[in-house]
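Please walk through this protein with the sequence and the model side by side. The paragraphs below go from a ligand site to the helix packing, then to the domains and some backbone details.

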Amino acid sequence: MKPLNLLFMNLIEDWKRRKKTTKKHHQKLINRLKRETPKKLNALADTVHEEVFNELDCLDCANCCTSIPPIVNRTDASRIAKHLGMKSAQFQAQYLRQDEDGDMVMNTSPCPFLQTDHTCLIYEYRPKACRKYPHTDNFEFANHFKLHQQNTMYCPAVFHILERIGERLLF
Ligand code: SF4
Ligand code: SF4
């Protein structure tokens with residue numbers, strides 16, 4: 001039997017190999033899932049989310065922290081600034097920028113708080129957007145179809161959650 005961390009890595013490697021070639025398939029799958037009742041879909045997504053995250057270790061990945069600057073709202077900024085012993089305005093000037101939608105986001109990718117071992121320097125104080133990513137649990141799945149479509153290219157967990165939901169619901 002393979003060591004557990006190799007099993008974890010397999011879901012990530014599988015995603016890397018297949019993410020581009022399955023893009024159209026996932027688009028069709030999402031369009032099909034939109035016809036399901038949200039309650040049923042969200043309940044299944046919660047179960048599959050837990051299952052996939054039990055098989056996949058985010059510390060082997062960190063692709064969201066590397067590629068997608070998270071939104072940092074005012075409450076996040078003041079909480080993180082306080083933790084760092086900074087004024088909120090000083091924190092915003094040093095770490096945030098406004099994106100094309102007018103939201104304040106971290107100003108570098110990879111995130112300035114991502115460590116070389118993939119841990120988060122401000123984990124307990126991280127933005128709400130980081131806590132909620134990738135929006136596949138807490139009965140939220142059906143509210144974010146467009147996001148899931150994009151995230152199949154960034155997040156191996158979303159890729160596998162989507163595939164497993166498709167297998168169980170449609171085949
Ligand atoms: S704040 Fe932490 S969890 Fe959020 S993107 Fe940065 S490193 Fe990742
Ligand atoms: S991209 Fe997905 S699997 Fe990778 S660290 Fe982020 S949430 Fe975890």
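In this predicted model, helix H4 (63-67) and helix H9 each supply at least two residues of the shell around ligand 2. The full set of residues around ligand 2 consists of Leu 56, Cys 58, Cys 61, Ala 62, Asn 63, Cys 64, Tyr 133, Pro 134, Tyr 154, Cys 155, Pro 156 and Ala 157. Sorted by class, the shell around ligand 2 has 11 nonpolar residues, one polar residue and no charged residues.

Helix H9 also takes part in helix packing, and a general point helps in reading what follows. Two packed helices are described by the angle between their axes and by the distance between the axes. Helix H3 (residues 38-55) and helix H9 (residues 156-170) pack at an angle of about 130°, with their axes 9 Å apart, and H3 and H9 are therefore oblique to each other. The crossing in which H3 passes H9 is right-handed. On the H3 side the contact is made by Leu 44, Ala 45, Val 48, His 49, Val 52 and Phe 53, while H9 contributes Ala 157, His 160, Ile 161, Arg 164, Ile 165, Arg 168 and Leu 169. By class, this contact of H3 with H9 has nine nonpolar, two polar and two charged residues. Ala 157 of H9, which takes part in the contact with H3, is also listed among the residues around ligand 2.

A further partner of H9 is helix H2 (residues 23-33), whose axis comes within 11 Å of that of H9 and crosses it at roughly 55°. H2 and H9 are therefore oblique to each other, and their crossing is left-handed. Here His 26, Leu 29, Arg 32 and Leu 33 in H2 meet Leu 162, Ile 165, Gly 166 and Leu 170 in H9, a contact that has five nonpolar, two polar and one charged residues. Ile 165 of H9 meets residues of H2 and also belongs to the contact with H3.

How is the protein divided into domains? Domain 1 covers 4-65 + 134-170, and domain 2 covers 69-125. The centres of domain 1 and domain 2, taken over C-alpha atoms, are separated by 26 Å.

Another helix pair is formed by helix H5 (residues 74-84) and helix H6 (residues 88-95), whose axes come within 8 Å and cross at roughly 100°. That angle makes H5 roughly perpendicular to H6. The contact joins Ala 77, Ser 78, Ile 80, Ala 81 and Leu 84 of H5 to Ser 88, Phe 91 and Gln 92 of H6, and by class it has five nonpolar, three polar and no charged residues.

Ligand 1 has a shell of its own, made up of Cys 65, Pro 70, Cys 111, Phe 113, Leu 114, Cys 120, Ile 122, Arg 126, Pro 127 and Cys 130. These residues divide into nine nonpolar, no polar and one charged, and Arg 126 is one of the residues in this shell.

Some backbone details complete the tour. Most residues other than glycine have a negative phi, and most peptide bonds are trans. The peptide bond from Ser 109 to Pro 110, however, is cis, with omega near 0°, and Pro 110 has its place in the loop between strand S2 (104-106) and helix H7 (128-132). The loop between S2 and H7 also holds His 118, which has a positive phi of about 75° although it is not a glycine. Another cis peptide bond joins Tyr 133 and Pro 134, with omega about 5°. Pro 134 is found in the loop between H7 and helix H8 (145-151), and both Tyr 133 and Pro 134 are among the residues around ligand 2.

Conventions: Residues are numbered from 1 along each chain as its sequence is written. Chains are lettered from A and ligands numbered from 1 in the order in which they are written. This is a predicted model: local features need pLDDT of at least 70, side-chain atom pairs count only at pLDDT 80 or more; totals for chains, interfaces and linings use all residues. A residue is near a molecule or strand if its C-beta atom, placed from the backbone, lies within 6 Å of it. Ala, Val, Leu, Ile, Met, Phe, Trp, Tyr, Cys and Pro count as nonpolar, Asp, Glu, Lys and Arg as charged, and the others, Gly among them, as polar. Axes are lines fitted to C-alpha atoms, for helices over the stretch in contact, and angles run from 0 to 180 degrees between N-to-C directions. Helices (H or I, at least four residues) and strands (E, at least two) are DSSP runs, numbered from the N terminus. Angles under 35 degrees count as roughly parallel, over 145 as roughly antiparallel, 65 to 115 as roughly perpendicular and the rest as oblique. A crossing is left-handed if the near helix is turned anticlockwise from the far one by less than a right angle, and right-handed if clockwise. Two residues are in contact if their C-beta atoms, placed from the backbone, lie within 7 Å. Domain bounds come from an automatic or database domain assignment.
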